[in-house]
Amino acid sequence: MKKSKQPRLNKKTVSSGSSRQKYKSSEEDFSISAELKKQILGFLFSVFGVLLALAVISYSDKDQSTWKDFSSLIYSERNHIQKHS
């Protein structure tokens, strides 16, 4: 039997390198390009901007009183539940 002159550590490094390459290529299949990420982020900011603009445009003074009635209803229900617990 002829013994290899390479240390065992080097053999492992070489064999694991090919498995890393296979793993890397499968990772690249599912990666999203930077350009696509920018487009998605821009779209989400646009949607957020439109929703914010609609909220500002459609705001009225009645909304504040509605919110107060709604919040007082929630807090009174919570206090009622805590008293009976």
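Visitor: What is the mean pLDDT of the protein?
Guide: This is a predicted model. Its mean pLDDT is 75. Of its residues, 56% reach 70 or more.

Visitor: Which element has the lowest mean pLDDT, and which the highest?
Guide: Helix 1, residues 8-29, has the lowest, at 56. Helix 2, residues 34-57, has the highest, at 96. The scale runs from 0 to 100 and gives the predictor's confidence in each residue.

Visitor: What makes the pattern of the protein α-α-α?
Guide: The protein has three helices and zero strands. Read along the sequence, that gives α-α-α.

Visitor: Why is S71 called buried?
Guide: Buried means under 20% relative accessible area. S71 has 17%, so S71 counts as buried. S71 sits in helix 3, residues 61-84.

Visitor: How many of the 85 residues count as buried?
Guide: Just 1% of them do.

Visitor: What makes the link from S71 to K68 a polar contact?
Guide: The side chain of S71 reaches the backbone oxygen of K68 at 3.1 Å. The cut-off for a polar contact is within 3.5 Å, so the pair qualifies.

Visitor: Which residues make the nonpolar surface patch?
Guide: I32, L36, I40, F43, L44, V47, V50, L51 and L54 make it. The patch covers about 820 Å². One of these residues, V50, is found in helix 2.

Visitor: What supplies 62% of the exposed area of the protein?
Guide: Carbon and sulfur atoms do. The protein exposes about 8,700 Å².

Conventions: Residues numbered from 1 in each chain as written. Predicted model: local features only at pLDDT ≥ 70, side-chain atom pairs only at ≥ 80, totals over all residues. Heavy atoms only, no water. Helix = DSSP H or I, 4+ residues; strand = E, 2+ residues; numbered from the N terminus. Buried < 20%, exposed > 50% of the residue type's maximum accessible area, 1.4 Å probe, protein only. Areas by Shrake-Rupley, 256 points an atom, 1.4 Å probe, with all protein chains shown as cover. Patch = residues over 30% accessible without salt bridge, like charges linked within 9 Å, V, L, I, M, F, W, Y side chains within 5 Å. Salt bridge = Lys/Arg side-chain N within 4 Å of Asp/Glu carboxyl O. Polar contact = N/O pair within 3.5 Å; in protein donor to acceptor, adjacent residues only side chain to side chain.
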